[in-house]
Amino acid sequence: MVASLGGRDAPHRPVLLRETVRLLDVARGGLFIDGTLGLGGHSEAILEASAESRVIGIDLDTEALKLATERLARFGDRFCAVQANFRDIARVLAEAGHEGPQGVLIDLGVSSFQLDSPGRGFSFRFEAPLDMRLDAAGEDETAAELLQRLSEEEIARIIFEYGEERRSRRIAKRIVERRTEGRPVLTTSDLAELVAAAVGYNKAQKIHPATRTFQALRIAVNQELEGLDRFVETAVDLLQPDGRFVAISFHSLEDRIIKRELRRLAGYCQCSARLPVCSCGARQAVEILTKRPLTAREAELNENPRARSAKLRAARKLDQSQEGS
């Protein structure tokens with residue numbers, strides 16, 4: 001999710017916009033769910049494509065919801081913003097009183113708007129409390145609180161698995177040592193300096209060594225991978241026949257989960273070959289529209305380098321009533 005508002009008056013093109021609009025087939029009109037609204041760039045394109053389109057935009061970030069609502073106010077009651085987690089899509093849809101949507105979109109990760117907000121703690125470019133919550137007004141643990149509570153082993157696991165950082169044990173050891181000394185890691189600069197000291201830092205490096213650790217903690221704080229597989233299945237089940245599901249991810253673990261779940265829902269068994277019968281629940285509910293994930297083109301990368309790791313996968317819901325006819 002790398003949309004941003006440059007000065008808040010000039011909305012930038014959201015990542016993989018052309019591909020998203022095409023694969024959602026938005027010209028048909030109908031109801032679309034933008035499960036990660038951000039600043040509303042994708043939703044705006046959906047609403048502009050057809051006067052018959054409606055969008056429910058879901059996001060945890062209250063400030064982003066406010067800005068997106070202002071941006072999309074010209075569409076009147078065709079747009080509705082809801083503060084919630086995208087995993088709550090079934091509840092949001094039921095409370096809105098709508099039938100199944102024609103399309104569901106999720107654009108995972110954090111937006112440039114969030115990364116560039118100095119007080120949110122997502123980036124070590126700004127001195128700030130180590131927060132990292134997508135819902136900054138919520139009651140969930142901050143990254144600093146997480147590092148205060150977890151064991152050295154658990155911290156190392158999070159940094160290794162979510163950040164794919166080979167030196168995770170060294171970093172975790174330094175974090176716990178500081179905690180034991182009564183100097184807990186509380187700010188972005190605390191963490192960035194600790195990681196740089198733990199693994200070494202040459203200013204000639206293109207990527208700061210703390211980048212992977214910050215990513216890992218953000219994923220852990222917001223439980224970004226938890227229930228992602230169940231969400232994919234729920235979203236597909238909610239879709240109208242011939243409805244489209246589009247997911248944009250920026251992390252290999254997210255992409256792996258989405259790929260695996262779409263393949264399962266396309267009828268490809270995910271069980272070990274050693275099992276005598278399928279137990280994964282594979283079923284032919286969708287047709288996969290992207291044999292390989294779509295990535296940003298060179299022109300988009302020149303405009304927005306943060307799109308370099310974006311991967312888009314899409315599927316079309318099959319009409320079960322026509323099977324065997």
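The following paragraphs go through a sheet, two helices that lie on it, and a pair of packed helices in a predicted model.

The sheet is open and has seven strands, arranged in the order 5-4-3-6-7-9-8 with mixed pairing. Its edges are formed by strand 5 (79–83) and strand 8 (286–288); each has a single partner strand, so one side of each is left without a neighbour in the sheet. From one strand to the next, the twist averages 20°.

Within this sheet, strand 3 (residues 30–34) pairs with strand 6 (residues 103–107) in the parallel sense, over three bridges. Here Ile33 stands opposite Val104 of strand 6.

Helices also lie against the strands. Helix 2 (residues 41–49) lies across strand 3, strand 4 (53–59), strand 5, strand 6 and strand 7 (244–249), and runs at about 170° to strand 4. Helix 4 (residues 89–96) packs on the sheet as well, where it touches strand 3, strand 4, strand 5 and strand 6. The direction of helix 4 makes about 130° with that of strand 4.

The next contact is between two helices. Two packed helices are described by the angle between their axes and the distance between the axes. For helix 7 (residues 152–163) and helix 8 (residues 168–180), the angle is about 140° and the axes are 8 Å apart. Angles over 145 degrees would count as roughly antiparallel; helix 7 and helix 8 are therefore oblique to each other. Their crossing is right-handed.

On the helix 7 side, the contact is made by Glu152, Ile155, Ala156, Ile159 and Phe160. These meet residues of helix 8, among them Ile171, Ala172, Ile175 and Val176, and also Arg169, Lys173 and Arg179. The residues of this contact between helix 7 and helix 8 divide into eight nonpolar, one polar and four charged.

Conventions. Residues are numbered from 1 along each chain as its sequence is written. This is a predicted model: local features need pLDDT of at least 70, side-chain atom pairs count only at pLDDT 80 or more; totals for chains, interfaces and linings use all residues. Side-chain values use heavy atoms; hydrogens and water are left out. Axes are lines fitted to C-alpha atoms, for helices over the stretch in contact, and angles run from 0 to 180 degrees between N-to-C directions. Helices (H or I, at least four residues) and strands (E, at least two) are DSSP runs, numbered from the N terminus. Angles under 35 degrees count as roughly parallel, over 145 as roughly antiparallel, 65 to 115 as roughly perpendicular and the rest as oblique. A crossing is left-handed if the near helix is turned anticlockwise from the far one by less than a right angle, and right-handed if clockwise. Contact means heavy atoms within 4.5 Å. Ala, Val, Leu, Ile, Met, Phe, Trp, Tyr, Cys and Pro count as nonpolar, Asp, Glu, Lys and Arg as charged, and the others, Gly among them, as polar. Two strands pair if DSSP finds at least two bridges between them.
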